[in-house]
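Visitor: I would like to take a close look at a single part of this protein, and I would be glad of a patient explanation.

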Amino acid sequence: MRSSAADGGSAGGVHRVAIVGCGFGGLFAAKALRRADVTITVVEQTNHHLFAPLLYQVATGILSSGEIAPAVRDVLRGQRNAAVVLGQVTDIDVTTRRLALRAPDGSARSIGYDSLILAGGVTTSYFGNDRFEQWAPGMKTLEDAHRLRDRIFGAFEMAEWEPDGAKRGAWLTFAVVGAGPTGVELAGQLGELARRSLAGNFRNCDPASARIVLFDAGERILPTFSERLSRRATAALERLGVEIHVRTTVTDLDADSISVRDAAGAQRTIPAMTRIWAAGVRAAPLASLIAQATGARTDRLGRVAVTADCSIASHPEIFVVGDMMDLAGLPGLAEVAMQSGAHAAKVISARIEGRSEPPPFRYRDFGTMAAVSRTSDVASFRGLQFSGRVGWLIWLFVHLVFLTGFKNRVTTVISWAVTFVGRARTERSISARYAEPSRTAGAGAALHSAATNVVTGDRDGHEG
Ligand SMILES: Cc1cc2nc3c(=O)[nH]c(=O)nc-3n(C[C@H](O)[C@H](O)[C@H](O)COP(=O)(O)OP(=O)(O)OC[C@H]3O[C@@H](n4cnc5c(N)ncnc54)[C@H](O)[C@@H]3O)c2cc1C
């Protein structure tokens, strides 16, 4: 019997599981329930499952969006007990067990549930300086990566137009804030792009003269990796000409510059038309919705406290997994999301089958890694540390295993060969849009609004 999304897929009293968010946590929860006697409704506000660790490759023209963001509907097409609805959850009534949704046309909808898994992830945090957002976009969504790509390639186009040396220098200066894996990966790829991929493409500007400046308030880059790997990554970035400024805090941003203060208290302003914020995260608004509805505690990042089975203490039928979950200090990593999503699914299956529940959730750490340059990565796994080409091969293998879909793996390998063995970037198209009004104020307005593309657009803070 067919059932409607409005009742959460309920068909003849079958247990209804609603999963909100189809990133790593939500997708692994849905897949772990594939053989369970339940109806699953996956609610996602985008139509795709995003492989966020490769967003920076979309932003820098290496991969296409389809390669890292397949349609959720297609990913779950073979799972008969799962339906997908495109919509944003705007409210949760934990008494009547209903979710209020906004459909793509803006209309209000609702669905019911018996068990609920919330996997809404995180958004960018500007550490209380929300006004920075308009000048330094974050990189959390596919849209962010597209806008960032517009801005990066648009900056080289503007430098080509610019007769004034100082202004050309500002267009060719790329400031990345935050030296966790996302900032390091972005800075490395900007270095590769400027020094290698764009060679011979311009007549009036020299892309190789671009300045890539990486700022972080901490003591060193990649703070969640060992000091040795951090030093290796520093050396690899410096070989690409990336300027690294640690113990340096961003104090201000405007339309065409970034102001920073170093450890000695010295303040300086650097003209830079492209600024990218890769520095902090906070839980998605969904977290505060459920915290208010249930009285659950949240931590300083807004993540929801859960018990050892990933459910909310006062509402055992509601699970919070992945980046939104506050459990035993676990970091915001894809593996944590996948494992916690699958664990919540196992608890639900055990309950409806009347079996005893699985033991408390235990995260199995499979290691972390960051791609520094074309052929150099750092990876750490259970005390073992790898860098350079070996690290790069491990990175390649792991990312291919976790990318969703066979076709995506094939086309991604081809794109990587084109970029890393050759030097081309196949995904360089940018949209000829003008600056958004919020970005046209200030001294850089003329430059911004003349640009072919101006943008807006981390996991860092995820790791700790
Ligand atoms: C740029 C970047 C690089 C990263 N690199 C790495 C890495 O190298 N290694 C690593 O382990 N981790 C990395 N991470 C972190 C990793 O991606 C996250 O830990 C993981 O995605 C968390 O999974 P999740 O399911 O909790 O959230 P997500 O995967 O973020 O999924 C959340 C989903 O919920 C949806 N959603 C949110 N609110 C609503 C709502 N109200 N209604 C409907 N849908 C909603 C969102 O659209 C999204 O699809 C990176 C993250 C980023 C952003």
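Visitor: How many bridges join strand 1 to strand 2, and do they run parallel or antiparallel?

Guide: The model is a predicted one, in which local features need pLDDT of at least 70 and side-chain atom pairs count only at pLDDT 80 or more, while totals for chains, interfaces and linings use all residues. Residues are numbered from 1 along each chain as its sequence is written. Strand 1 (residues 15–20) runs parallel to strand 2, and 6 bridges join them; here strands are DSSP runs of E with at least two residues, helices are runs of H or I with at least four, and both are numbered from the N terminus. Two strands are said to pair if DSSP finds at least two bridges between them. To take one of these bridges, I19 has V42 in strand 2 as its partner.

The two strands belong to an open sheet of 6 strands, whose order is 3-2-1-7-19-18 and whose pairing is mixed. At its edges are strand 3 (82–86) and strand 18 (311–312), each of which pairs on one side only. Helix 10 packs on this sheet and touches strand 1, strand 2, strand 7 (115–118) and strand 19 (315–320), where a contact means that the C-beta atoms of two residues, placed from the backbone, lie within 7 Å. The direction of helix 10 makes about 175° with that of strand 7; the axes are lines fitted to C-alpha atoms, for helices over the stretch in contact, and angles run from 0 to 180 degrees between N-to-C directions.

Some of these elements also meet the ligand, since strand 2 (38–44) and helix 10 (334–352) are among those that each supply at least two residues of the shell around the ligand, as are helix 1 (24–32), strand 4 (88–93) and helix 7 (181–197). Of the 37 residues around the ligand, G21, G23, G25, G121 and G322 come nearest, a residue being near a molecule if its C-beta atom, placed from the backbone, lies within 6 Å of it. Both domain 1 (2–45 + 87–124 + 281–353) and domain 2 (130–279 + 367–437) give residues to this shell, so the ligand lies between them; the domain bounds come from an automatic or database domain assignment. The C-alpha centres of domain 1 and domain 2 lie 33 Å apart.

Strand 4, which also contributes to the shell, is joined by 5 bridges to strand 5, and these two run antiparallel. D93 stands opposite R98 in strand 5.
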